[in-house]
Amino acid sequence: MVRAKPRQAAETRLKGVPLSPGVAIGRACFYVRQGAASVSPAATDPRREIQRLRNSLRWLARQRSVLAREAATRLSEKHAEIFEAHRLMLADEFFQSQLVQAIEEQGYSAEEAVEKELNRYQRQFAAADSEYLQQRGADISEIQQALLGYLRRVVSCRRCHEAVDCSIGQCRLGNDHILIGEEITASLPIETDAHTLGYIVDKAGPTSHAIILARALRCPVVGDIKHLPAAIPAEARILIDGDSGEVILNPSDETLGRYQAKLAGGRSGLRASEPVPGLQVMANIGQSGDVGDALAAGAEGVGLYRTEMELLVAGRLLGEQEQAARYSEVLRAMTGKPVCIRLLDLGSDKTAEWLETRLPETASGQRGAGLLLAHPELLRGQARAIARASGYGPIHVLYPMIVSVEQFIELRALFDAAVTDLHPVGLQHGVLFEVPAACLAAPQIMQVADFGCIGTNDLIQYLFAADRSCGDTVNKTCLETQPVLWNLIEQLSRAAVQAGKPMAICGEVAGNPAMTCRIIDAGITAISTSPAQIARVRQAAQDKCGSAPRS
Ligand code: PEP
Ligand code: MG
C-alpha cells in the first residue's frame with residue numbers, strides 16, 4: 001500500500017516590529033500564567049494582610065538578588081543593576097510604608113494595596129516627558145505582576161503542543177523553541193534556558209529592560225504581533241527574523257535555504273571581520289541601539305539606517321529632539337565613519353494602525369518620497385533632527401522611493417529650506433534606486449544627487465511584479481539571478497561612474513554572499529547588509545573574487 005506523504009502545513013508570514021536583532025528557528029512554546037482568580041479578596045485582618053505583603057516583598061527581593069547575580073555572570077554588572085534597582089525599590093522603607101498605609105487606612109487586602117499603589121506609580125511614569133522614564137513603567141508593572149503572582153499563587157509556566165506546564169527555564173523535551181507571550185518581562189530572558197531562542201510578543205517597549213537584556217543576550221524578539229496566542233498554531237514551526245520583524249510560520253524548504261547562512265551563525269550570528277581591499281561593507285540598522293552590532297561586526301559605516309523603524313517600534317511619531325538624539329547616538333558610536341540615514345520610508349508594509357489614522361495616505365498606498373511630499377511637516381522634523389546630529393560625523397541622507405529627478409529636486413529643496421538656520425555640516429544627499437522609473441532616469445538623477453544606492457528588495461518587487469510580502473521564495477531566489485536585474489544594476493553603476501559619484505547596493509541581494517562577485521563585477525564597490533552578513537560577504541569577496549573590482 002502506498003502511504004500518502006503527510007501534507008506540510010503551508011508557510012504563513014506575520015509582520016511585526018523588530019525589537020531585538022537576529023534570526024532563530026524553533027517550535028511554538030506558549031508562556032502561560034495559571035492559578036487563582038485575578039480578583040483581589042476583601043481584607044479581613046489588616047495585621048494578616050501586612051504580614052502577607054511583607055512576605056511577598058521579601059520573596060521578590062530575594063528572587064531579584066538571584067537574577068542580579070545571574071545577569072552579572074552571564075552579561076555584566078551593568079545588566080545586573082536592572083534587578084538590583086528592583087531589589088532596592090522593594091526594600092525601600094518609604095515604598096513599603098505606602099503599601100502598609102494603604103492596608104491600614106483604606107482597609108485594602110495585600111493584593112489591593114499592591115494593585116492600586118503600583119498603578120499610581122505607573123501612571124506617574126507614563127506622564128513623564130522622557131521616553132526613558134515612560135519605559136521604566138514597565139519595571140513597575142513587572143514588580144506588580146510578580147508580587148500579585150506570589151500573593152495569588154499564580155505560577156508561570158510554558159507549554160507546547162507536546163508537553164504541558166514545563167516550568168520557566170526547564171523545557172522537559174529539550175526542544176529549541178520560540179517563546180510566545182503577550183509581554184516580555186526583564187526576568188524572562190535571564191530565567192529561560194538555552195533552548196529559548198527567540199520571543200514573539202504583543203507589546204514591549206524598545207528601551208524596556210526586557211529588550212535591553214534580550215539584545216545583550218543576542219536573542220531575537222519580534223513585537224506587535226496581534227492576537228497572541230491565537231495567531232500562532234500550537235504545532236507551528238517558527239522562524240523569527242529580529243532584523244526585519246518577520247515571523248514565518250512553517251517555513252518552506254526554500255525559505256530555510258535562504259536563511260541558512262544566518263541560522264548557521266547561531267545565537268548571535270555575528271562574527272567580527274576585517275575590511276577587504278576594494279570593497280566597502282557597511283551595516284544596515286533599524287534602531288540606534290543596533291549600532292553595537294554594526295561595530296561588533298567591524299562595519300565600515302552604516303550603509304542604511306531605516307529610520308522609520310524607530311517610529312514603528314515606538315508606536316508613534318517622534319519629535320525633532322527625539323530623532324536627533326537617536327541619530328547622534330549612532331554617529332557618535334561610529335566615530336567618523338559614514339552613516340547613511342534614510343528619510344522616513346513609511347507606507348506599504350511599513351505601516352501600523354496608529355500611522356494610518358495619523359497619515360491616511362499610508363493606507364491608500366503612498367510610500368516613501370510620495371508620502372513625505374504629502375506631509376512636508378514629517379520631512380521638516382526629520383531634516384532638522386539630521387541637521388542637529390550632523391556635527392557628530394558625516395551623514396549621507398538617502399531619499400527612498402524616488403520616482404523622478406523632479407521629485408528628488410523638490411524634496412531636496414524642502415530639506416534645505418527646513419534646516420537653513422541650523423547650518424548643518426557635511427551632508428550628502430542621495431537617491432535610493434528601487435523604483436524602475438527612477439532607474440531609467442538614473443543618468444539625470446546622478447547629475448544632481450551626491451550619491452546613489454540600489455535597493456534590491458523593492459527593485460525586484462516592482463521590476464518583476466513580485467509582491468515582496470508574499471512567501472514565494474522559489475520565485476524570489478530565481479529573480480535575484482535574472483539578467484534583466486543585473487543589466488539594470490550595471491546601467492546604474494555606469495550612470496554613477498559617468499557622473500563621478502559613488503553607487504552602493506543594499507537589500508537582500510547585497511547580503512547574499514553568492515551575489516558578491518556579481519556585484520563587484522557590476523562595478524559596485526560599496527555594500528550595505530545586516531551586521532550578521534558582513535563577515536560572510538567579505539569572505540566571499542576574498543575567496544571567490546579576490547575582492548578588487550574587476551570592471
Ligand atoms: C530595498 O528596497 O532594497 C531596501 C533596502 O529598502 P527596504 O527593504 O527597507 O524597503
Ligand atoms: Mg525599499
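Contact here means heavy atoms within 4.5 Å. Keep that in mind for the close-ups below, which all come from a predicted model.

**View 1. Helices H2 and H3 meet at an angle.** Here we look at helix H2 (residues 77-91) and helix H3 (residues 93-106), whose axes come within 5 Å and cross at roughly 55°. H2 and H3 are therefore oblique to each other. On the H2 side, the residues that do the touching are Met89, Leu90 and Ala91, and they meet Glu93, Phe95 and Gln96 of H3. Sort the residues of this contact by character and you get four nonpolar, one polar and one charged.

**View 2. Helix H4 and its packing partners.** Helix H4 covers residues 110-126, and its 17 residues should span 24 Å at 1.5 Å a residue; the end C-alpha atoms are indeed 24 Å apart, so the two values agree. Several H4 residues are buried: Ala110, Glu111, Glu112, Ala113, Val114, Glu117, Leu118 and Tyr121. What do these buried residues of H4 pack against? Their partners are helix H1 (46-74), H2, H3 and helix H5 (131-151).

**View 3. The loop between strands E8 and E9.** Two backbone features turn up in this loop. Aspartate 224 sits between E8 and E9, and its phi is positive, about 65°, although it is not a glycine. With a relative accessible area of 30%, aspartate 224 is partly exposed. Proline 229 also lies in the loop that links strand E8 (221-223) to strand E9 (237-241). The peptide bond between leucine 228 and proline 229 is cis, with omega at about 5°. For background, most residues other than glycine have a negative phi, and most peptide bonds are trans.

**View 4. Serine 273 and its contacts.** Find serine 273 in the loop between helix H8 (253-264) and strand E11 (280-285). Is serine 273 buried or exposed? Its relative accessible area is 19%, and buried means under 20%, so serine 273 counts as buried. If you skip its neighbours within four places in sequence, serine 273 is in contact with Ala297, Gly298, Ile534, Ala535 and Arg538.

**View 5. Helix H11 and the residue just after it.** Helix H11 runs over residues 320-334, which makes 15 residues; at 1.5 Å a residue they should span 21 Å, and the end C-alpha atoms are 21 Å apart, so this agrees. The buried residues in H11 are Gln323, Ala324, Arg326, Tyr327, Ser328, Val330, Leu331 and Met334. Step just past H11 and you reach threonine 335, with a positive phi of about 40°. Threonine 335 belongs to the loop between H11 and strand E13 (339-342). At 59% relative accessibility, threonine 335 counts as exposed.

**View 6. The magnesium site.** Which residues coordinate the magnesium ion (ligand 2)? Glu434, through OE, and Asp458, through OD, do so at 2.0 to 2.1 Å. Glutamate 434 is in the loop between strand E15 (427-433) and helix H17 (436-440), while aspartate 458 is in helix H19 (residues 456-464), so the pair ties together parts that are 24 residues apart in sequence. Both glutamate 434 and aspartate 458 are buried.

How values were computed:
Residues numbered from 1 in each chain as written. Chains lettered and ligands numbered in written order. Predicted model: local features only at pLDDT ≥ 70, side-chain atom pairs only at ≥ 80, totals over all residues. Heavy atoms only, no water. Donors = N, O, S within 2.8 Å, 3.2 Å for Na, K, Ca; no water. Helix = DSSP H or I, 4+ residues; strand = E, 2+ residues; numbered from the N terminus. Buried < 20%, exposed > 50% of the residue type's maximum accessible area, 1.4 Å probe, protein only. Expected span 1.5 Å × (residues − 1). Axes fitted to C-alpha atoms, helices over the stretch in contact; angles between N-to-C directions. Parallel < 35°, antiparallel > 145°, perpendicular 65-115°, else oblique. Nonpolar A, V, L, I, M, F, W, Y, C, P; charged D, E, K, R; others polar.
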